[in-house]
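Here's a quick briefing to read alongside the structure. Have the viewer open and follow along.

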Protein chains: 2
Amino acid sequence: MKKVYFLGLIVFLSACGVEKDSKEVVQTSLEIHKPENAPTKVLNVGFLAINGVYNSELMAPYDIFQHTIFHTDPGMKTFIVSPTLEPIVTFEGITVTPHYSFENVPEIDVLVVPSAEHNMDSDLEDEVLISFVKEKGAKAQFVMSLCDGAFILAQAGLLDNVKCTTFPSDIAKMRKRFPDLDIYEDVSFVHDGKAITSSGGAKSYDPALYLVEYLYGKQKAKGVAKGLVIDWKVGEIKSILP
Amino acid sequence: MKKVYFLGLIVFLSACGVEKDSKEVVQTSLEIHKPENAPTKVLNVGFLAINGVYNSELMAPYDIFQHTIFHTDPGMKTFIVSPTLEPIVTFEGITVTPHYSFENVPEIDVLVVPSAEHNMDSDLEDEVLISFVKEKGAKAQFVMSLCDGAFILAQAGLLDNVKCTTFPSDIAKMRKRFPDLDIYEDVSFVHDGKAITSSGGAKSYDPALYLVEYLYGKQKAKGVAKGLVIDWKVGEIKSILP
């Protein structure tokens with residue numbers, strides 16, 4: 001039976017928040033990691049970074065995944081892939097040199113799509129970009145979006161038939177652009193099948209930490225979290241049966 | 001009378017945390033912004049980035065400060081300054097090209113020192129680095145550290161006679177290295193005089209957002225916070241009278 005994992009949007013980053021319940025929430029999963037989830041090899045985690053990529057959406061999950069190497073073996077190998085090897089400039093104006101281009105990137109086990117400035121308009125018409133995401137996403141074990149990166153995953157067809165989410169203020173736009181998709185609000189992230197989509201910003205740590213726990217277990221996730229001064233509470237993750 | 005501002009470490013990033021009280025906490029400041037705090041010009045915010053700088057500690061405050069330009073005018077001009085103009089490689093392995101070197105950096109109003117891999121050892125013996133921080137910090141209106149960046153500020157003498165904090169696991173090391181300093185634990189950040197020191201990691205948004213509120217007011221801070229999917233609660237900030 002397919003399970004979908006959510007993390008309440010308000011729970012993680014506020015003491016005063018009250019977790020929104022959904023009729024669909026039927027159980028609390030106290031243990032999301034299972035032995036069969038544990039990778040037997042280093043996972044290649046490729047971060048798609050194009051001009052206008054947002055710092056937080058790139059760096060927060062990057063840090064979570066990169067730090068796995070200090071807590072588990074085999075861990076994750078993180079890298080940045082861009083259309084070419086030319087440096088890209090983030091939305092906030094930081095110049096970053098990619099590790100790989102679309103041409104020479106190695107196999108990607110986890111494809112991460114951080115939001116970028118034009119994810120809701122011109123990037124959706126960029127056939128090279130969308131083809132890359134479609135092809136690499138199809139082969140990947142997991143695809144993850146931060147913030148409006150969900151629009152890119154959706155355009156590439158990777159969110160068909162799965163529950164998903166995006167940046168809170170862009171939920172309506174995403175529903176309009178992709179009326180057939182099942183888009184959730186008031187959640188930090190949604191995991192359904194191989195897709196993990198998320199709200200972004202400072203909450204961009206959540207979906208990555210969740211995946212670390214899913215793959216490597218609670219203690220490893222807590223170790224990674226502690227290094228990043230995050231109080232990670234596995235008990236706050238709810239699973240739903242769609 | 002000098003006031004020191006704290007944000008409880010657990011409050012911001014966990015629903016289950018209980019804020020630790022201190023005997024010194026004597027009032028809750030519901031309004032930290034005062035008209036006299038409001039800058040009349042664009043503030044230059046210089047981020048010190050050296051090899052081994054941690055992504056989150058660099059990017060989280062960078063995003064908060066850079067995004068001010070969408071919420072207030074005059075806002076902040078953010079840039080990265082490194083010893084030379086050569087690209088630096090972050091702890092997590094991302095190559096970043098600085099905007100300025102120590103030689104050509106413009107005036108810095110807010111000097112931000114994110115942690116880097118060797119902040120607790122060899123960086124403290126780097127006379128060029130420490131001299132730069134000492135000189136620019138003396139002229140700046142504010143100095144801010146994330147995580148172990150506090151060691152650099154301390155070595156440069158910028159934490160003499162102020163309360164301060166650092167990465168939770170390095171509090172003991174900092175007390176040993178700088179026995180005369182007044183180092184707090186269980187707080188996200190401490191603001192005392194011109195120094196704002198903080199715990200780091202995913203909590204690196206806090207001190208920057210606090211400074212945005214201090215300078216530009218609650219509504220501006222809430223606007224910046226919303227864009228980064230942060231629930232910023234001014235009422236959670238406590239002021240103490242040392």
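**Strand β13 and its partners**

Strand β9 (residues 142-146) of chain B and β13(B) run parallel, joined by four bridges. Keep in mind that this is a predicted model. Besides β13(B), we'll look at a helix pair in chain B and one helix in chain A.

*Around β13(B)*
- On the β9(B) side, B:Leu146 has B:Ser198 in β13(B) as its bridge partner.
- Strand β12 (residues 187-192) of chain B pairs with β13(B) too, this time antiparallel and over four bridges.
- One of the pairings there puts B:His191 opposite B:Ile196 of β13(B) as bridge partner.
- β12(B) and β13(B) make a hairpin with two residues between them, and B:Gly193 in the turn shows a positive phi of about 65°.
- Along β13 (residues 195-198), B:Ala195 and B:Thr197 point one way while B:Ile196 and B:Ser198 point the other, and all are buried.

*The α6/α7 pair in chain B*
- Helix α6 (residues 205-216) and helix α7 (residues 218-227) of chain B have axes that come within 7 Å and cross at roughly 150°.
- The crossing of α6(B) past α7(B) is right-handed.
- From α6(B), B:Leu209, B:Val212, B:Glu213 and B:Tyr216 meet α7(B) residues B:Lys218, B:Lys220, B:Ala221, B:Val224 and B:Ala225.
- That contact between α6(B) and α7(B) breaks down into six nonpolar residues, three charged and no polar.

*Helix α2 in chain A*
- Helix α2 (residues 55-66) of chain A has 12 residues and spans 16 Å from first C-alpha to last, close to the 16 Å expected.
- Because 12 of its 12 residues are buried, α2(A) is largely enclosed by the rest of the structure.
- Among those buried residues are A:Glu57, A:Asp63 and A:Phe65.

Definitions and conventions
Residues are numbered from 1 along each chain as its sequence is written. Chains are lettered from A and ligands numbered from 1 in the order in which they are written. This is a predicted model: local features need pLDDT of at least 70, side-chain atom pairs count only at pLDDT 80 or more; totals for chains, interfaces and linings use all residues. Axes are lines fitted to C-alpha atoms, for helices over the stretch in contact, and angles run from 0 to 180 degrees between N-to-C directions. A crossing is left-handed if the near helix is turned anticlockwise from the far one by less than a right angle, and right-handed if clockwise. Two residues are in contact if their C-beta atoms, placed from the backbone, lie within 7 Å. Ala, Val, Leu, Ile, Met, Phe, Trp, Tyr, Cys and Pro count as nonpolar, Asp, Glu, Lys and Arg as charged, and the others, Gly among them, as polar. The expected span of a helix is 1.5 Å times one less than its number of residues. A residue is buried if 20 or more other C-beta atoms lie within 10 Å of its own, exposed if 12 or fewer, and partly exposed in between; C-beta atoms are placed from the backbone. Two strands pair if DSSP finds at least two bridges between them.
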